[in-house]
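Hi,

Here is the model I said I would pass on. Have a look at it first, and then read my notes below.

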Amino acid sequence: MKYFEEDRSKFPPKNADGSFQIDLESHKFTHIWQGPQHPGVTGNMSLELIIQGDEVMQCETHVGYLHRGFEKLMERRKYIQCFPLVCRICVPEPDFNEYCFAAGVEELAGIEVPEKALWIRTLVLEMARLASYLMWMGGAAGSLGHGLPGQWTNYLRDYILDRFEELTGGRIYHMYILPGGVRNDLPEGFKQRLLEVLDDIEQIMKDVKTVMFNNTVFKKRTQGLGIIDPSWVEPYGITGPNARAAGIPLDVRKDSPYLKYPELDFEPVTGQESDAYTRLDVRRRDLLITVDLIRQILNKMPENGEYMAPLPNVLNWEIPRGETYVRAECTRGEYGYYMVSDGSMYPRRVNVRGPSYTHAVALMEKLVVGVNIADVAALMTSLHTYPPEIER
Amino acid sequence: MKISDILQPLTAWKNLVKDPITIKDPLNRVAAPRYRGFHKNDLETCIGCGTCEAICQNAAIDMVPVEGIETKDGDSGLRPRIDYGRCCWCGLCVDICTTGSLTMSNAYQWIDNDPEVFRFIPGAEEKPWDTADKGYKRPENYTLNPLKRVSMEELNPADRIQGFMEIVKGFSRDQALQEADRCVSCGICVATCPAHMGIPAYIEAIRNDDLNQGMRILYETNPFPEVCGRVCTHKCETVCSIFHRGDPVSIRWLKRYIADQIPEHEYAAILDSPQEETGKKVAIIGAGPAGLSAAYYLRLQGHTVVIFEAQPEAGGMMRYGIPEYRLPYDQLDKDIKYIKHIGVKIRTETRVGRDISLESLHKDFDIIYAATGLHEGRSTRAKGSDHPKVYQAVNLLRDFTKGLEIPYEAPVIVIGGGNVAMDIARTLARLHMQKMGRVDITLTCLETEDIMPADREEIVEAREEGIQIIPGYGPLEVVSNGDTLKGLKTVRCVSVFDENGRFNPKFDHSDTQFLPASIIVEAIGQGMDLSYIPESIKKEMKTDARGRIQVDAYYQTSLPWFFAGGDIIEGPDVIHAIANGHTAAKRIDHILRGEQ
C-alpha cells in the first residue's frame, strides 16, 4: 500500500466542486487539533486540522471555550453596570470596548462629552493599540520560533501598562472610559513619563526590525505565506491591517473619523504583497505611527478642562428608545457596537462586532489549506486574532 | 537572500552587556497612587445606605450587621461586606458611595490558604492596608448621581407680603422627574419618617410617571399628602444619604407633586375602599391630623368612626395654626374631604366636656381616641405680661383663620423662636402691609440664631418680608402705662439649656434692650386642655409626675377603652401626629376584632 503520492497534483483526488476527497480510514491523512491550549492560536480556540504529510488539507475552526455570554448578561444589567463588563470582552484591548460602549450610550442618551475627555480617550485608545501591538509582536515572533523580540516587546508593553496603571488605576482592565467622559484627569507628570516610554519603544523597535524583519529565516517563512487576495476583502469583511496589507487603505480613523482623529496628522500604512510578512510589517509600521500619534495627542491636548459630563443618577438611568452602531479602529480592524435601547434602564440588545470573528474563522479556514503544519501558528498570528472577542 | 539579512540579526548580542530590566523584588512593588486595590471603609462615616451593594454588578457586596454599630436615624447599622471571589475591582462602589467612606487602597497582594477569609467587612476586620494613604478615591468634582436639587420656584418677597397667596409654587412634571431621578432608593429616610412612608417607592412611581401608584403608596401610611407635601417637618430630608455630599432629595415637594397632580374626584377610583362594616364604633376627640389619620385607617377597616370637633371646621392646628400662605385651606380640604368621603363622620362645633360628656361617649362607643392637641398658649410670665395687650400666638392665629379681626397695631413684638412665632409674625406682617403699607414687627427669642427651633427657611423668609429678628434675648419686663403698652425690656441670654440639657436659661443682666411696642405676642410654646376628662376617669388613668397621660407604644392608656395621641402625647408635629394616629388605629382595630 502506498502511503505517499509523490505527485501532489494527483493527491488527494478532488470532488466535482473542487474540494478534496478525504478518507480518514485510508491512513493517508492525519487528524490533529491545534488548540485550544496551543500558544499559536492566540487564545482559547482551536483548529481541527487534517494534514497529509506536513501539509494542511482541511481546517475547521472551533470556538466556545471562552463563552461568557456578555451580550446576554448586559440585557439584565443597568447601563452603568455594563461598564465594568465590556472591557472583558477583549482582554488585550479593553479600551476599544469601553469606548464603543460609552459612545453608544452617549449617542442614544444625547450626552455631549467634554473636549478634554475626547483627547484623553484618543490617547487611551492609542496607548491600548500600542500595548496590544507590542504583545502581539511577541506572539508573532514566538510562533516563528523567535523568542528574543517577544521578550523585548513584552517588557515595553509592561511599561505601557505601568502608564495605564497610574492613569486608570488598573493594568489590564482599565475601566476608565465611562459614558460621559473619563474617570479622572491625567496624573501629575504623566505626559513626561509616557514620552520616555515612547522613546524606549522607538529605540527597541529599531532592534526588532533588524533582528526580526531583516532576518532571512523570518523572511523565508513568512513571505508568500497566507496571501489574501484583495478581492476577498469585501466579501469576507476583512478590515484593519489585514486589508491594508492587501493594498486597501481601510481605517475607521480616516474613513469615519471619531474622537480627535480628524485633528491628527497620519496616513494609514498599506502594503502590496498581502502575505504574512507584509501584514506583520504593516503592523510594525502602524505601531510607529501610533507612537507618533501619541506624541501629537500629548502636544495638542488642552491642559485643563472638564473630563466628565454631568450624568443623571446612574442607578435610575433610562436611555431613550433608539438604536445605534458605533465603531472604532482597533489593532485588528473595525471594532463595533450595535446597541438597541427600548427606553428602559437596561439595554435591549448589545451586539459586539470584533474583527477576529471574520479573520479567525472564515478567513483562517480558507488560508490555511495547503500551508505547512509548522506555519499554521505563524499564519494565525499574522492575522492577529483575539478569540475572546469572537465569543461575547 | 541578502548577506545583511544573515548578519544583522546578530546585533542582538549587544544586549548581553546591558543591565537587566526585570524588577528584582516583585512582591514589594508599590502600585500606582490611583490603583484600585483592596477596599477600605471608614465605619464611622459610613451610614450603611447600601448604594454600593445596589451598583455592584457582580453582587459582590452584601450589607451586614457589624458589632458595635447601632441602627439609628440616618444609619441603617449595616456595613458592606465584600466578596473577593466576585469583585471585579471596577470601583463603582467607591464612585457611588453617598458619604465617601468607601475607598480603595493600592494594596493588591493577599495570600491565604482559607478561601473564606476573602469575604470580609472593610473597616471592621483589621487589614494591613487600612492605613494606606494611596489607592483609588473618587476624584473631586466627579459624581455618578446629581448632587444639586432642582430649585423650587417661590413667590418673591415683594409679591408674597401683599397677601396670603401660597409661597411655594410646586414642581412641574419635568422638575419632578429630574428631582425624583436623584433618589438612590437607599431607604434610610423610611426609618426616620415618623410615619415610615414608602419614600423610595413613591419617588420611583414619579420616575415611572405612575402617579396613581404613587398616591396609593402615600395613602398606605399618610392620608394627608397635600398637607405633608407642604408643611411636613421633613425629618426624612435631614437624613437623606445624598445630603452627605450634596442637597437632600426634595422628598416633601415630590410628595406634594403627586397629590397636586391628581384631582379630588379621582381619589376614590385610585385608593382602597373601606372593608365590610364591622358594627364596631370608635369616637375620636379632635379633628386634627392625629384624629383624622386614626379615623381614616379605622374606617378603612370597616369600623364606624365619629369625630367630635370643637371648632367650626375640621383640621385642628393644620387649619387654625398654620397660615394660609404655607398651607392653603383648599388643599387641606382636599385631604379632609376624602377622609369624609369614605364615611368618617365629623361633628364640628361639638366640644367634648361641654356639648357632650366623655362618659356618654364611653357608653355609646367601643373605643375612644383623644387627640385634642395643644391649643393653649403659654405665657412668658415676665413681669407685666398679664397686660391685656399681650396676646397668645395660637389664639390670634385661630381667630384670624375664623375671619375675626385681630390686633396688629405697630410696632409689634413677637416673643419666641419657633415656627409658631414665625407664623404669627409673618401673618401680622401681611396685615401690616395691607393696612399700613409697611411692616413694623420685631421678633425676639432666647435662642441664638444657630439653635432657633424654627426652620431655616422660615427665618430667611421672615427677614425677607421685613421682620426684624433679635435672637439671643429673653423677655425681662413688659413696660406699660395703664392700658397703653410701651414696650418690652429684654436681657441677653447667655445659655438656654443647662449641662443636663434641661431648659434653664441664664442671663447677662448687664446687657439689656428696650423694644418699643404697641402689642406683644407670646409664642413660646403651647399647652393642652384636658378638662374634658372628668376627674373620676383621670384618677383611674395612669399619669406621670407632671400629670401627663401615660400611653403604651400603641397609644393606649391604662384604661383599655381610652387611647390618646397627637400633640398631647408627642408634642407639636404634624407628621408625628399622623403617624401615631395610624399606629393607634392599628391597635384599636386589633382590639375591636378581638385579636391580641
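In chain A, what share of the contacts with a separation of 6 or more comes from residues 24 or more positions apart? For chain A that share is 70%. Before I go on, keep in mind that this is a predicted model.

Let me stay with chain A for a bit. Its secondary structure comes to 14 helices and 8 strands. The radius of gyration of chain A is 22 Å, and the globule rule gives 21 Å for 392 residues, so chain A is as compact as a globular protein of that length. If you lay the C-alpha trace of chain A along its principal axes, the spans are about 75 × 50 × 35 Å. As for burial, 50% of the 392 residues in chain A count as buried.

There is also a hairpin in chain A that you may want to click on. Strand β6 (residues 322–330) and strand β7 (residues 333–341) of chain A run antiparallel and are joined by 9 bridges. The hairpin gets from β6(A) to β7(A) through 2 residues. If you want a pair to start from, G322(A) has S341(A) in β7(A) as its bridge partner.

Now chain B. I count 22 helices and 20 strands there, and the C-alpha trace of chain B spans about 125 × 65 × 45 Å along its principal axes. Of the 596 residues in chain B, 46% are buried. Residues 24 or more positions apart make up 73% of the chain B contacts with a separation of 6 or more.

The domain assignment splits chain B into four pieces: domain 1 (26–131), domain 2 (157–270), domain 3 (281–374 + 530–592) and domain 4 (376–526). Note that domain 3 of chain B is written as two segments, 281–374 and 530–592. Between the C-alpha centres of domain 1 and domain 3 of chain B there are 49 Å.

One sheet in chain B is worth a look. It is an open sheet of 3 strands in the order β2-β3-β5 (chain B), with antiparallel pairing. The edges are taken by β2 (61–65) and β5 (119–120) of chain B; each has a single partner strand, so one side of each is left without a neighbour in the sheet. Strand β3 (residues 78–83) of chain B is joined to β5(B) by 2 bridges, and I82(B) stands opposite F120(B) in β5(B).

Which residues touch the most other members of the largest nonpolar core? That core has 269 residues, and the answer is Y369(B), V414(B), A421(B), I424(B) and A425(B). The element that gives the most to this core, though, is helix α4 (residues 115–142) of chain A, with 18 residues. Going back to V414(B), and leaving out residues up to four places away in sequence, its contacts are A421(B), I424(B), A425(B), I441(B), L443(B), V521(B) and A523(B).

Last, the place where the chains meet. Chain B puts 32 residues into the contact and chain A puts in 29 residues. On the side of chain B that touches chain A, the elements giving two or more residues are α1 (3–7) and α2 (51–55) of chain B. The largest share there, 3 residues, belongs to α1(B). By type, the residues on that side of chain B divide into 20 nonpolar, 6 polar and 6 charged.

Cheers

Definitions and conventions
Residues numbered from 1 in each chain as written. Chains lettered and ligands numbered in written order. Predicted model: local features only at pLDDT ≥ 70, side-chain atom pairs only at ≥ 80, totals over all residues. Pairing = 2+ DSSP bridges. Helix = DSSP H or I, 4+ residues; strand = E, 2+ residues; numbered from the N terminus. Core = buried A, V, L, I, M, F, W, Y, C linked by C-beta atoms within 7 Å. Buried ≥ 20, exposed ≤ 12 C-beta atoms within 10 Å, placed from the backbone. Contact = placed C-beta atoms within 7 Å. Rg over C-alpha atoms; globule rule 2.2 N^0.38 Å. Domains from an automatic or database assignment. Nonpolar A, V, L, I, M, F, W, Y, C, P; charged D, E, K, R; others polar.
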